[in-house]
Amino acid sequence: MTQTDKKNVIIFASGSGSNAQRLLEYFEHHPHIRVAALFSNNPNAYALKRAETFHVPALLFNREEFYKSDRVLQQLAAFKPALIVLAGFLWLVPQQLLQAYPNKIINIHPALLPKYGGKGMHGQHVHAAVLAAGEQESGITIHLIDEEYDKGEFILQERCPVLPQDTPEQLGARVLELEHRCLPLVVEQLLTRQPQA
Ligand code: GAR
């Protein structure tokens, strides 16, 4: 397989991008898959810097461009994405993008959906809600996306314990570790599985 035959993964990230970092590391020398670009809606996202460190194009867009133009769609098309991964991306994906890439956009969420999902449920808000509810376990969900926040067919759920003295930060760190472990493997599996006969 030549460099140009590799399958292109595109990351969307709004913040720190530690999951993006894991994907960039895992696929840096992968024989069949590469991270081709990182898109962000946030000029201050540290994720943009992480992409640059790996010499991966980092593209920025604003709300107008995302929801009212086809600029992002056109930029994406140039990379011929095999898979788009929302890794801490906090805006709802518009219909035109969903239609352009059916079953090719996945999201990672730091809880066991369908609980603790939806608008505003991200980062420490999720872990604080899990603790407030007295849950004994939490975890991650990797799922296909649709037109609602944190909905769509599940691909993987993994669990971890909630410990009695946990703060949102401590629980968040445990969940993030699980995300880092699982996300590259799920992406790899999705892109290397044989088509069903
Ligand atoms: C991750 O925990 C991810 O699951 C979450 O944002 C964090 C981003 O961390 N996503 C959501 O809450 C989506 N609803 P990172 O920027 O360090 O990868």
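In this predicted model, helix α1 spans residues 18-26, and S18, N19, A20, Q21, L23 and L24 are its buried residues. These buried residues pack against the strands β1 (7-12), β2 (33-40), β4 (81-86) and β5 (105-109), and against the helices α2 (46-53) and α7. Two residues of α1, S18 and N19, are also among those that come nearest to the ligand, and L23 is one of the best-connected members of the largest nonpolar core.

**Nonpolar cores**

- The largest nonpolar core holds 40 residues, of which I11, L23, L38, V85, I106, I142 and V187 touch the most other members.
- Helix α7, residues 168-192, is the largest contributor to this core, giving 9 residues.
- Beyond its neighbours within four places in sequence, I11 is in contact with A20 and L23 as well as V35, A37, L38, F39, V85 and A87.
- A separate second core has 21 residues, including A36, L59, L76 and I145.
- As a general tendency, nonpolar side chains in soluble globular proteins are buried together.

**Ligand surroundings**

- There are 14 residues around the ligand, and G17, S18, N19, H109 and E179 come nearest.
- A polar side-chain atom of E179 is 2.7 Å from an oxygen atom of the ligand.
- H109 places a polar side-chain atom 3.1 Å from a ligand nitrogen atom.
- For P110 the contact is through the backbone: an N or O atom there lies 3.4 Å from an oxygen atom of the ligand.
- On its own the ligand has 450 Å² of accessible area, and the protein covers 88% of this.

**Cysteines**

- The disulfide count is 0.
- C160 takes part in no disulfide, and the nearest cysteine sulfur, in C182, is 10 Å away.
- Because the sulfur of C182 is 10 Å from its closest counterpart, in C160, the pair is too far apart for a bond.
- Both cysteines are buried, C160 with a relative accessible area of 8% and C182 with 10%.

**S138 and L131**

- S138 is part of strand β6, residues 137-144, and counts as buried at 2% relative accessibility.
- Not counting residues up to four places away in sequence, S138 touches P110, A111, L112, V130, E158, R159, C160, V162, L171 and V175.
- That list includes P110, whose backbone also contacts the ligand, and the buried C160.
- L131 belongs to helix α6, residues 124-132, and is partly exposed at 23% relative accessibility.
- Apart from neighbours within four places in sequence, L131 contacts V162, D166, T167, P168 and L171.
- L131 and V162 are 31 residues apart along the chain, and their C-alpha atoms are separated by 7.8 Å.

**Backbone geometry**

- Most peptide bonds are trans, and most residues other than glycine have a negative phi.
- The peptide bond joining L113 and P114 is cis, with omega about 10 degrees; P114 is in the loop between β5 and α6.
- H55, which is not a glycine, has a positive phi of about 55 degrees.
- H55 sits in the loop between α2 and β3 (58-60) and counts as exposed at 75% relative accessibility.
- K80 is not a glycine either, and its phi is positive at about 45 degrees.
- The loop between α4 (71-79) and β4 contains K80, which is exposed with a relative accessible area of 67%.

Definitions and conventions
Residues are numbered from 1 along each chain as its sequence is written. This is a predicted model: local features need pLDDT of at least 70, side-chain atom pairs count only at pLDDT 80 or more; totals for chains, interfaces and linings use all residues. Side-chain values use heavy atoms; hydrogens and water are left out. A nonpolar core is a set of buried Ala, Val, Leu, Ile, Met, Phe, Trp, Tyr and Cys residues joined through side-chain atoms within 4.5 Å. Buried means under 20% relative accessible area, exposed over 50%, partly exposed in between (1.4 Å probe, protein chains only). Helices (H or I, at least four residues) and strands (E, at least two) are DSSP runs, numbered from the N terminus. Contact means heavy atoms within 4.5 Å. A residue is near a molecule or strand if one of its heavy atoms lies within 4 Å of it. A polar contact is a pair of N or O atoms within 3.5 Å; within protein, one must be able to donate a hydrogen and the other to accept it, and residues adjacent in sequence count only if both atoms are side-chain atoms. Accessible areas come from the Shrake-Rupley method with a 1.4 Å probe; for residues, only the protein chains shown count as cover. A disulfide is a pair of cysteine sulfur atoms within 2.5 Å.
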